[in-house]
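User: I've got a model loaded and would like to go through its strands, loops and voids with you. Can we do it as quick questions?

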Amino acid sequence: MKQIITLIIILFLANGLFGRDYQVGDHELFAMPTAYTMPAGNTYFTDYELVFLNFTFAPTNRTHVGFFTLFPVVTEFLDTFSIGAKQNYLRTESLESAAWLAYTAEIEGFSIGNVLSISKENSSIHLGISGLKVLNAKKWEYLFMFGGKMDISERTACIVEYETTNSVWDNDFSKFISLGVRFKGERVAWDIAGVRPLAEDTGNLLFLPYIKATVYFSK
C-alpha cells in the first residue's frame with residue numbers, strides 16, 4: 001500500500017515537469033475527447049457537420065470550460081444547449097489523463113467520463129469511457145471509446161476512432177468506426193472522415209461523410 005501511495009505522489013509531483021506543444025485540434029479526435037488541453041487563456045471554436053457548434057475556453061493549462069449547441073436552424077435549438085468542463089489531472093512525458101462532466105438542462109441529462117492518452121513522437125492512442133444519464137431514468141448508458149492519431153506530415157494526420165454504446169453486459173451494441181484525415185494549420189484544422197456503423201446488415205452503405213472545422217484563438 002505504501003508503494004502505491006508513493007507512486008501516486010510521484011506521478012502528481014511529476015505533472016508539472018512535463019508539457020506538450022498543443023496543436024489546433026489536439027483536444028479531441030473526430031468526436032472523442034483526448035486528455036490534452038490548451039494553454040491557459042486560449043480558446044477554440046468547432047463546427048461539426050455545419051450543424052453542431054462548440055466554443056471552449058481554457059482558464060488554466062489543465063482546464064477546459066465550454067458550451068455546445070445545435071446551429072440555430074429552428075427556434076428550439078437552445079434545447080440542446082449544454083455546458084461542460086474537462087480537467088487534465090495527470091501529465092507525464094508520454095501519459096496523460098483527464099476527466100470531464102457535461103450537463104444539458106433541457107433534458108436534465110449529464111455525462112461524466114475519463115480518457116487516457118498515450119503519446120509517442122508522431123502518434124498517440126486514446127482510451128475513454130463515459131456514463132450518460134437522464135436524471136429521472138433508472139439506468140446509465142455507457143459509451144466506450146478507442147482511437148488513435150498518426151502524423152504523416154507536419155500538416156496532415158490520419159485518425160481512426162471507434163465507439164460502442166450501451167452495456168457490454170447486455171450484448172446490445174451500437175458500434176461505429178470512423179476513418180479519416182486531419183489537415184492542420186496554425187489556427188485552423190479540418191477533419192474529413194467516413195463513419196461506418198458496424199451492424200450486421202448495412203445494405204450498400206459504405207461510409208457516412210463527416211466534416212469538422214476547428215478554429216484556434218491563442219492569446
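User: How many bridges join β11 to β12, and how do the two strands run?
Analyst: This is a predicted model, and in it β11 covers residues 188-197. Its partner β12 spans residues 208-217. The two run antiparallel, and the number of bridges joining them is eight.

User: Which residue in β12 is the bridge partner of Asp191?
Analyst: β11 takes in residues 188-197, so Asp191 sits in that strand. Looking across to β12, the bridge partner of Asp191 is Lys212.

User: Which other strand pairs with β12, and over how many bridges?
Analyst: β12 also pairs with β1 in the antiparallel sense. Thr43 of that pairing has Phe217 in β12 as its bridge partner. The strand asked for is β1, and the bridge count is six.

User: Moving on from β1, where does Glu49 sit, and what is its phi?
Analyst: β1 ends at 48 and β2 starts at 52, with Glu49 in the loop between them. As a general rule, most residues other than glycine have a negative phi. Glu49 isn't a glycine, yet its phi is positive, near 55°.

User: What about Leu50: what is its phi?
Analyst: Leu50 is found in that β1 to β2 loop as well. Leu50 is not a glycine either, but its phi is positive, at about 65°.

User: Is Leu50 buried or exposed?
Analyst: The cut-off for exposed is over 50% relative accessible area. Leu50 comes in at 66%, so it is past that mark. Glu49, at 31%, counts as partly exposed. For Leu50, the label is exposed.

User: Which strands form a hairpin with three residues between them?
Analyst: β4 covers residues 82-91, and β5 covers residues 95-104. They run antiparallel and are joined by nine bridges; one of the cross-strand partnerships puts Gln87 with Ala99. The hairpin strands are β4 and β5.

User: Which residue in β4 does Phe67 stand opposite?
Analyst: Phe67 falls within β3, residues 63-70. β3 and β4 run antiparallel, with six bridges joining them. Opposite Phe67 in β4 stands Ile83.

User: Zooming out, how many helices and strands does the protein chain have?
Analyst: Reading from the N terminus, the element order opens with α and then goes on through β after β. The tally for the protein chain is one helix and twelve strands.

User: How much of the protein chain counts as buried?
Analyst: Buried takes under 20% relative accessible area. The protein chain has 219 residues, and the share that counts as buried is 39%.

User: What volume does the largest pocket have?
Analyst: The residues closest to the centre of this pocket are Ala31, Pro33, Phe68, Ala102 and Ser111, out of 46 that line it. That lining splits into 27 nonpolar, 13 polar and six charged residues. The volume of the largest pocket is about 1,400 Å³.

User: And which residues are closest to the centre of the largest cavity?
Analyst: There is one cavity of 30 Å³ or more, and the largest cavity holds about 30 Å³ of space. Its lining comprises two nonpolar, four polar and five charged residues. Of the eleven lining residues, the closest to the centre are Asp26, Thr34, Tyr36, His126 and Lys149.

Definitions and conventions:
Residues are numbered from 1 along each chain as its sequence is written. This is a predicted model: local features need pLDDT of at least 70, side-chain atom pairs count only at pLDDT 80 or more; totals for chains, interfaces and linings use all residues. Side-chain values use heavy atoms; hydrogens and water are left out. Two strands pair if DSSP finds at least two bridges between them. Helices (H or I, at least four residues) and strands (E, at least two) are DSSP runs, numbered from the N terminus. Buried means under 20% relative accessible area, exposed over 50%, partly exposed in between (1.4 Å probe, protein chains only). On a 1 Å grid over the protein atoms alone, a cavity is a set of points where a 1.4 Å probe fits but cannot get out, and a pocket is an open set with protein on both sides within 12 Å along at least five of seven lines; lining residues have an atom within 4 Å of a point. Grid points are joined across faces, edges and corners, and a volume is the space filled by probe spheres set on the points. Ala, Val, Leu, Ile, Met, Phe, Trp, Tyr, Cys and Pro count as nonpolar, Asp, Glu, Lys and Arg as charged, and the others, Gly among them, as polar.
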